[in-house]
There are 4 protein chains.
Amino acid sequence: MARVTQQHVDARRDAILRSAARLFARKGISGATMQEIANEADLSAGAIYRYYSSKEELLRAVFEDATTRNEQLFQDIAEKATSPLDALAQIGRWVWVEQDDRDDLVCQIQMALKAAQDPEDLGVDLTQTREAMRGMLEALIRQAQNAGEIDRGIDARHLAVILQTTTMGVQMMKLDHPTGLDVESIFELFVQMVGGLGPQTGENERRG
Amino acid sequence: MARVTQQHVDARRDAILRSAARLFARKGISGATMQEIANEADLSAGAIYRYYSSKEELLRAVFEDATTRNEQLFQDIAEKATSPLDALAQIGRWVWVEQDDRDDLVCQIQMALKAAQDPEDLGVDLTQTREAMRGMLEALIRQAQNAGEIDRGIDARHLAVILQTTTMGVQMMKLDHPTGLDVESIFELFVQMVGGLGPQTGENERRG
Amino acid sequence: MARVTQQHVDARRDAILRSAARLFARKGISGATMQEIANEADLSAGAIYRYYSSKEELLRAVFEDATTRNEQLFQDIAEKATSPLDALAQIGRWVWVEQDDRDDLVCQIQMALKAAQDPEDLGVDLTQTREAMRGMLEALIRQAQNAGEIDRGIDARHLAVILQTTTMGVQMMKLDHPTGLDVESIFELFVQMVGGLGPQTGENERRG
Amino acid sequence: MARVTQQHVDARRDAILRSAARLFARKGISGATMQEIANEADLSAGAIYRYYSSKEELLRAVFEDATTRNEQLFQDIAEKATSPLDALAQIGRWVWVEQDDRDDLVCQIQMALKAAQDPEDLGVDLTQTREAMRGMLEALIRQAQNAGEIDRGIDARHLAVILQTTTMGVQMMKLDHPTGLDVESIFELFVQMVGGLGPQTGENERRG
DNA sequence: CATGAATGAGCGTTCATTCAT
DNA sequence: GATGAATGAACGCTCATTCAT
């Protein structure tokens with residue numbers, strides 16, 4: 001019975017978390033009321049407090065969840081990719097082209113903003129979170145360099161920052177252009193830009 | 001305190017505007033109270049309403065001011081540049097390297113977020129504002145193409161979107177790395193990426 | 001305090017309504033604060049909003065309640081009366097002599113004033129409400145005429161207006177004379193005035 | 001120079017008074033702001049305080065002015081009338097038919113309400129004011145009785161109360177029927193009602 | 001004297017949080 | 001364990017009143 005209960009508890013927690021994420025995204029963090037969050041999770045307002053001790057903690061949980069899911073997603077992509085460069089390309093494609101969950105988009109940006117505003121109030125460390133993702137990108141880049149897919153002369157860390165920066169920029173861009181731009185073509189151009197850093201066709205490249 | 005000069009009135013308006021921008025950036029839009037804004041501008045809370053009829057209008061003013069100053073800045077840079085490509089480079093440099101007014105940064109992101117949430121409530125049209133900046137970048141790119149500084153095969157509009165996306169991404173990145181990264185070097189790498197799109201007049205270009 | 005019976009909820013609503021009516025009457029509509037209304041109803045100010053969404057709506061409810069109770073009262077009197085003229089006499093007696101709920105009195109006048117100032121803001125249609133009462137009086141007068149109790153030469157509608165006008169006048173008069181005048185005798189004189197309009201079947205009527 | 005100044009002061013006081021009366025009528029006593037009153041009197045908000053020490057005092061002045069003008073009006077009518085009954089008839093005609101200054105109407109009712117609510121806060125005594133008017137009506141009635149125009153058997157005081165009550169009722173009625181009713185005919189009917197109390201045509205009347 | 005910018009108290013209203021049921 | 005009525009602290013905003021100019 002204990003297990004069933006735990007399942008229920010987990011399901012509840014998850015329902016609340018999702019409801020909160022959705023409402024934070026749509027109405028803003030302080031614009032979303034506990035009442036609304038509860039309603040959308042089919043609970044009473046007071047019941048939330050059995051699962052999260054405060055709105056702040058709920059916010060933290062949403063943040064952590066968003067971060068975790070994002071990292072997980074990228075790792076999954078990386079694992080299934082046929083090569084480091086393919087992994088990077090697929091991540092890029094997902095960010096530029098496939099990702100279209102607007103609530104998720106907005107939520108990520110809000111979390112980043114909030115984390116930047118209350119660096120310590122919120123228990124989460126934005127710097128560390130980002131560093132983790134940057135590290136992952138950097139590792140992929142290095143592997144691609146070792147595999148001869150990217151010019152070894154490039155500073156892997158710097159390129160990782162650029163890719164991460166672009167990732168965040170795309171999120172912001174999509175804020176008001178869910179469908180207005182030819183993202184596919186733009187992404188291809190971006191690939192071309194990164195590709196321009198690839199190993200130069202010709203033996204002379206290898207010298208660099 | 002009657003018969004105050006227009007200059008004093010303008011100074012007050014400006015002080016309130018700046019105080020508001022600062023607090024919106026630091027505490028968030030709904031986190032910043034009129035009382036705090038007033039305190040920081042050395043006024044009573046009620047006095048603000050002589051200059052701005054509501055918090056909403058104050059917010060609009062802050063946003064408009066940020067937008068205007070940003071556009072002005074880019075135009076100034078473009079005018080002083082020695083060539084279209086130089087203009088793009090200087091804008092890039094400002095975005096990546098020089099811009100370090102954190103409040104301004106946060107404010108811009110918040111503006112985008114708010115505008116995305118209440119598309120019409122806020123008087124500011126995010127889409128239009130961004131389109132304006134995109135148009136400016138696109139024009140510069142075309143000029144650079146005509147001047148033979150960028151490959152004519154590149155779609156100017158697509159590249160403009162990428163540059164703008166990067167701009168926004170850099171803003172987000174700087175949210176938690178005011179000084180933590182070697183932005184200078186990263187920027188140079190980015191320039192190199194864009195430069196890779198330069199005029200392809202033969203293989204020797206690549207090497208140069 | 002959940003799982004409260006509907007009766008409790010209704011009782012609360014009613015307590016708030018009464019408290020509001022009392023305070024609107026005593027301090028005026030804008031003079032009465034939600035805090036005071038809440039105090040008198042043994043609630044916190046914020047709790048009122050669970051029952052009435054705004055002060056305005058509370059006001060509307062008070063007005064509607066007053067109107068309804070008034071109409072009901074007159075209909076009850078009319079139904080129990082032994083004749084149309086008796087009904088009119090009893091209504092008159094109630095208005096002139098029996099009615100002494102000062103808060104109710106003030107409330108009615110305030111309602112009229114408010115409705116006159118914000119013709120459409122308030123949901124109550126004063127004109128219509130009054131027309132209803134006028135119509136009822138007019139009907140009674142016609143019945144009395146048909147029964148030979150009032151001269152058929154009299155315009156029923158005009159007399160109805162006079163009676164209604166008197167009703168409102170009595171309300172105003174009582175504003176500062178709860179007990180100062182010999183209302184009973186005055187009322188009898190008024191009855192005599194109306195009686196003077198009785199059926200003129202010959203000079204002997206006058207003497208009777 | 002002193003006289004000119006005094007004239008100015010009086011003119012200002014009067015302008016403020018009228019502006020206040022108008023705005024109290026249109027927006028209610030607490031709905032009218034000192035700023036608006038000042039604007040309508042072509043003054044600055046602060047300047048009012050040179051003439052009236054507070055909003056409350058201004059209100060008192062408006063009340064007194066309304067009362068005085070009303071009494072004056074009735075006295076003027078009485079003086080010009082050809083007989084006591086004519087005076088009563090003319091007053092009645094003015095009240096029922098001629099008076100159509102809505103702001104004045106509303107203002108009178110508001111003052112009565114306010115005076116009834118804050119019997120002592122407001123320096124004015126509603127009871128006394130009304131007693132004065134009642135006394136005037138009573139005197140006219142007695143004179144009419146002495147002149148044989150009204151039956152001597154009628155209690156003059158009681159009739160005075162009825163007439164005054166009607167006066168107030170007409171004010172209230174006109175609140176939402178500025179032009180909707182055939183007031184002329186209604187008034188004639190009312191005259192007929194009062195006339196029914198007149199000396200009975202026939203020698204037998206005199207006996208009563 | 002008049003001005004009108006400034007104050008400060010207080011209003012209606014909202015909402016995270018608590019707790020009797 | 002869940003409910004939802006209640007609280008209380010704040011918020012945005014208004015306005016009578018003051019007073020430096």
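This report walks through a predicted model of four chains, starting with one chain and then moving to the pairs and the cores.

In this predicted model, local features need pLDDT of at least 70, side-chain atom pairs count only at pLDDT 80 or more, and totals for chains, interfaces and linings use all residues. Residues are numbered from 1 along each chain as its sequence is written, while chains are lettered from A and ligands numbered from 1 in the order in which they are written.

**Chain A on its own**

Let's start with chain A, which has nine helices and zero strands. Helices and strands here are DSSP runs numbered from the N terminus, with H or I over at least four residues for a helix and E over at least two for a strand. Read from the N terminus, the elements go α-α-α-α-α-α-α-α-α. The C-alpha atoms of chain A fill a box of roughly 70 × 40 × 30 Å along the principal axes.

Of the 208 residues in chain A, 36% count as buried. A residue is called buried if 20 or more other C-beta atoms lie within 10 Å of its own, exposed if 12 or fewer do, and partly exposed in between, with C-beta atoms placed from the backbone. Two residues are in contact if those backbone-placed C-beta atoms lie within 7 Å. Among contacts in chain A with a separation of 6 or more, 67% join residues 24 or more positions apart.

**A closer look at helix H4**

Helix H4 of chain A covers residues 84-98. The expected span of a helix is 1.5 Å times one less than its number of residues. For the 15 residues of H4(A) that gives 21 Å, and the end C-alpha atoms are 20 Å apart, which agrees.

Which residues of H4(A) are buried? They are A:Pro84, A:Leu85, A:Ala87, A:Leu88, A:Ile91, A:Val95 and A:Trp96. Looking down the axis of H4(A), the buried residues fall within an arc of 160°, so they line one face of the helix. That arc is taken over the directions from the helix axis to the C-beta atoms. As background, an α-helix has 3.6 residues a turn, so residues three or four places apart point the same way. The buried residues of H4(A) pack against helix H3 (55-80), helix H6 (126-146), helix H7 (156-174) and helix H8 (183-195) of chain A.

In chain D, helix H4 (residues 84-98) holds D:Arg93. D:Arg93 is partly exposed, with 17 other C-beta atoms within 10 Å. Leaving out residues up to four places away in sequence, D:Arg93 touches D:Glu98 and D:Phe187. D:Arg93 and D:Phe187 are 94 residues apart along the chain, yet their C-alpha atoms are separated by 7.1 Å.

**How the chains pair up**

Here are the two pairs side by side. Copies are superposed by least squares on the C-alpha atoms of residues with pLDDT of at least 70 in both.

| Pair | RMSD | Turn | Shift along the axis |
|---|---|---|---|
| Chain A on chain B | 0.6 Å | 177° | 0.1 Å |
| Chain C on chain D | 0.6 Å | 178° | 0.1 Å |

For chains C and D, that is the relation of a two-fold axis. In the A and B pair, A:Gly169 is the residue of chain A that comes closest to the rotation axis, at 1.6 Å (C-alpha).

The contact between chains A and B takes 40 residues from chain A and 42 residues from chain B. On the chain A side, H7(A) gives the most, with 12 residues. That side divides into 21 nonpolar, 16 polar and three charged residues. Nonpolar means Ala, Val, Leu, Ile, Met, Phe, Trp, Tyr, Cys and Pro, charged means Asp, Glu, Lys and Arg, and the others, Gly among them, are polar. Since 90% of the interface residues of chain A are also interface residues in chain B, the copies meet through the same surface.

Between chains C and D, 40 residues of chain C are in contact with 39 residues of chain D. H8(C) gives the most to the chain C side, with 11 residues, and that side divides into 21 nonpolar, 12 polar and seven charged residues.

What about the chains across the pairs? No contact joins chain B and chain C, whose closest C-alpha atoms lie 21 Å apart. Chain A and chain D do not touch either, with their nearest C-alpha atoms 31 Å apart.

**The cores**

A nonpolar core is a set of buried Ala, Val, Leu, Ile, Met, Phe, Trp, Tyr and Cys residues joined through C-beta atoms within 7 Å. The largest has 117 residues, of which C:Phe24, C:Val62 and D:Val62 touch the most other members. A second, separate core of 116 residues includes A:Ala41, A:Ile141, B:Leu159 and B:Met193.
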